[in-house]
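Hello,

Here is the model I promised to pass on. Please open it alongside this note; my findings follow below.

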Amino acid sequence: MNTEVKKSVLVAVGVIENAAGEIFVCRRGESQHQAFKWEFPGGKVESGETVPQALARELEEEIGIRVTVCEPLMRIEHDYGDKQVTLDIRRVTAFTGEPHGREGQPSRWVPVSELHSYDFPAANSPIVEKLQNP
Ligand SMILES: Nc1nc2c([nH]c(=O)n2[C@@H]2O[C@H](COP(=O)(O)OP(=O)(O)OP(=O)(O)O)[C@@H](O)[C@H]2O)c(=O)[nH]1
Ligand SMILES: [Mg+2]
């Protein structure tokens, strides 16, 4: 029997909205977990950081924006088998700067109604569901 307790990685994830009601998505790189899937930008919460702090740092690093207002949307636990994650998803409704893939990753604004046609990691299904059926 495997009695090992798997350790979950806490991830801060941003659902970034513009005035037109579109959401900003990026494509993950070939060397990353869940390679080539589309994602909402974000990343691992480091020790000593709160989720909003981690989100602000990741969004500045990855897409070059400064978060002004964010609010909790949902929390998702998911076990990929090779990795267990806890996604803490925040809606980012105010920010400065124009989001762009600072690390060379493909990125775009997508209308909420088209999100379901993007290939997201399995953990993201409830996010897309919630955004499309608020
Ligand atoms: N950023 C982000 N990560 C997600 C999403 N959905 C999802 O399952 N994840 C998972 O969350 C985990 C951590 O995210 P990450 O790889 O962006 O972390 P990071 O920016 O710190 O990356 P790094 O490890 O390259 O430094 C990955 O295993 C990734 O597969 C999502 O929508 N956005
Ligand atoms: Mg990341």
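The shell around ligand 1 has nine nonpolar residues, six polar ones and four charged ones. Please keep in mind that this is a predicted model. The shell counts 19 residues, and among these H33, E39, G43, K44 and P121 come nearest to ligand 1. Which strands each supply at least two residues of that shell? They are β1 (9-16), β4 (42-44) and β6 (84-96).

Those strands also pair with one another, with β1 as the link.

β1 and β6 run parallel, and eight bridges join them. Two of the partnerships are easy to find on screen. V13 has I89 of β6 as its bridge partner. V15 is matched with R91, also in β6. β1 pairs with β4 as well, but here the strands are antiparallel, with three bridges. Look for V11, whose bridge partner in β4 is K44. That is the K44 listed with the residues nearest ligand 1.

Is β1 mostly covered or mostly bare? It is mostly covered, with six of its eight residues buried. For the protein chain as a whole, buried residues make up 28% of the 134 residues.

β6 has a further partner. This is β5 (residues 66-79), which pairs with β6 in the antiparallel sense over twelve bridges. C70 stands opposite V92 of β6 in this pairing. β5 and β6 form a hairpin, and four residues lie between the two strands. Check G81 in the turn: its phi is positive, at about 90°.

Next, the other strands.

β3, β2 and β7 form an open sheet in the order β3-β2-β7, with antiparallel pairing. β3 (38-39) and β7 (107-111) stand at the edges with a single partner strand each, so one side of each is left without a neighbour in the sheet. E39, which falls within the range of β3, is also among the residues that come nearest to ligand 1. How many bridges link β2 and β7? β2 (residues 22-27) and β7 pair over five bridges, in the antiparallel sense. One of the residues to look at is C26, whose bridge partner in β7 is S107.

Now the overall picture.

The protein chain has two helices and seven strands. Along the sequence they follow the pattern β-β-β-β-α-β-β-β-α. The radius of gyration is 15 Å, close to the 14 Å that the globule rule gives for 134 residues, so the protein chain is as compact as a globular protein of that length. Its C-alpha atoms fill a box of roughly 50 × 35 × 30 Å along the principal axes. Contacts reach across the sequence too. Of those with a separation of 6 or more, 66% are between residues 24 or more positions apart.

Last, the record. An unreviewed UniProt entry carries the annotation "domain: Nudix hydrolase" for residues 7-134. In the model, that span is 16% helix and 40% strand. The C-alpha atoms at its two ends lie 31 Å apart.

If you have only a few minutes, start at ligand 1 with H33, E39, G43, K44 and P121. Then follow β1 to β6 through their eight bridges, and go on from β6 to β5 through the twelve bridges of that pair.

Best wishes

Technical notes
Residues numbered from 1 in each chain as written. Chains lettered and ligands numbered in written order. Predicted model: local features only at pLDDT ≥ 70, side-chain atom pairs only at ≥ 80, totals over all residues. Near = placed C-beta within 6 Å. Nonpolar A, V, L, I, M, F, W, Y, C, P; charged D, E, K, R; others polar. Rg over C-alpha atoms; globule rule 2.2 N^0.38 Å. Buried ≥ 20, exposed ≤ 12 C-beta atoms within 10 Å, placed from the backbone. Contact = placed C-beta atoms within 7 Å. UniProt positions renumbered as here; feature names shortened; annotations may be inferred. Pairing = 2+ DSSP bridges.
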